[in-house]
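This report sets out the architecture of one protein, from its sheet to its cores, its aromatic pairs and selected residues. Please consult the sequence and the structure while reading.

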Amino acid sequence: MKHLITVLFSLIIMSSTYSQSFYQLSIQSIDNKEIKMSDYKDKYVLIVNVASHCGYTSQYADLQKLSEKYSDKLVVLAVPCNQFGAQEPGNEKQIKIFCESKFNVSFPMTEKVNVKGKHQHPLYSWLTNKEQNKLGDFNVSWNFNKFLISNDGELISYFKSGVNPLDNQITDMLK
């Protein structure tokens, strides 16, 4: 009995300290298909929480340019969210039509999720929690916050909304 208790206690301790790697995460696409982060091995990934009715919405155009310019080494992943000023009120179909028609977006987009709070998506839990991402604790403070993952699955930087996707702070890391 004592051995069983020791084993159970060890399992509890191990599970509480276990953290997933970036490549173990997944999220549903805007078309309801699974996007596995493991599909992006050997590429940088720029994850951006987006909204269609925000002062930063014009960054979609530069995200598209960035995606095209670095298509051999970068994946831009747009994550719609309605947690900031209710600036993404539409459903996935409406969001997709808006992005494709207004900005010719061709990079992957996900389902609409929560990027903070009680119902935070596991991808954003990993991105914002130092215990998981090994870089730092981050607070997604508004639409168009950006997280850059290296080509080996490590979080290497976080950028607030005001940093343009084509800014040297981002592009220099991709060279």
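In which order do the four strands of the open sheet stand? The order is β4-β3-β5-β6, and the pairing in this open sheet is mixed. The edges are taken by β4 (74-80) and β6 (155-159); each has a single partner strand, so one side of each is left without a neighbour in the sheet. From one strand to the next, the twist averages 15 degrees. The model described here is predicted.

**Overall composition**

The protein contains six helices and six strands. Along the sequence these elements follow the pattern α-β-β-β-α-β-α-α-α-β-β-α. Of its 175 residues, 45% count as buried. The accessible surface of the protein is about 9,300 Å², and carbon and sulfur atoms make up 52% of that surface. Among contacts with a separation of 6 or more, 64% are between residues 24 or more positions apart.

**Strand β4 and its partner**

Strand β3 (residues 44-50) pairs with β4 in the parallel sense, over seven bridges. Within this pairing, V45 stands opposite V75 in β4, and the bridge partner of L46 is V76 in β4.

In a regular strand, side chains alternate between the two faces of the sheet. Both faces of β4 are covered: one side carries L74, V76, A78 and P80, the other carries V75, L77 and V79, and all are buried. Since seven of the seven residues of β4 are buried, the strand is largely enclosed by the rest of the structure. Thus β4 is an edge strand with a single partner in the sheet, yet both of its faces are covered.

**Nonpolar cores**

The largest nonpolar core has 26 residues, and the members that touch the most others are Y60, L66, L74, M109 and L174. The elements giving two or more residues to this core are β3, α2 (59-69), β4, α3 (92-103) and α6. The largest share, four residues, comes from β3.

M109, a member of this core, has contacts beyond its neighbours within four places in sequence with S29, I30, I35, V50, Y60, A78, P80, I95 and C99. Apart from the largest core lies another core, of 25 residues, which includes F22, I27, I35 and V140. I35 thus belongs to this other core and is also in contact with M109.

**Aromatic pairs**

The structure holds ten aromatic pairs. A pair of aromatic rings is described by the distance of the centres and the angle of the planes. Two of the pairs are set out below.

| Pair | Centre to centre | Angle between planes | Arrangement |
|---|---|---|---|
| F22 and Y23 | 5.7 Å | 65 degrees | edge-to-face |
| F147 and Y158 | 4.9 Å | 45 degrees | tilted |

F22 counts as buried because its relative accessibility is 1%; Y23, at 16%, also counts as buried, because the limit for that class is under 20%. F147 and Y158 are buried as well. As F147 lies in strand β5 (residues 146-149) and Y158 in strand β6, their pair ties together parts that are eleven residues apart in sequence. In addition, Y60, F98, F103 and F144 form one aromatic cluster. Y60 is therefore found both in this cluster and among the residues of the largest nonpolar core, where buried residues are joined through side-chain atoms within 4.5 Å.

**Two individual residues**

T171 lies in helix α6 (residues 168-174). Its relative accessibility is 8%, so T171 counts as buried. Leaving aside neighbours within four places in sequence, T171 is in contact with L66, Y70, P165 and L166. One of these contacts, L66, is also one of the core members that touch the most others.

E154 is found in the loop between β5 and β6. Is E154 buried or partly exposed? Its relative accessibility is 41%, so E154 counts as partly exposed. Beyond its neighbours within four places in sequence, E154 is in contact with L148 and I149. E154 and S21 are 133 residues apart in sequence, while their C-alpha atoms are 8.3 Å apart in space.

Notes
Residues numbered from 1 in each chain as written. Predicted model: local features only at pLDDT ≥ 70, side-chain atom pairs only at ≥ 80, totals over all residues. Heavy atoms only, no water. Buried < 20%, exposed > 50% of the residue type's maximum accessible area, 1.4 Å probe, protein only. Contact = heavy atoms within 4.5 Å. Pairing = 2+ DSSP bridges. Axes fitted to C-alpha atoms, helices over the stretch in contact; angles between N-to-C directions. Areas by Shrake-Rupley, 256 points an atom, 1.4 Å probe, with all protein chains shown as cover. Phe/Tyr/Trp six-rings, centres within 6.5 Å; stacked < 30°, edge-to-face > 60°.
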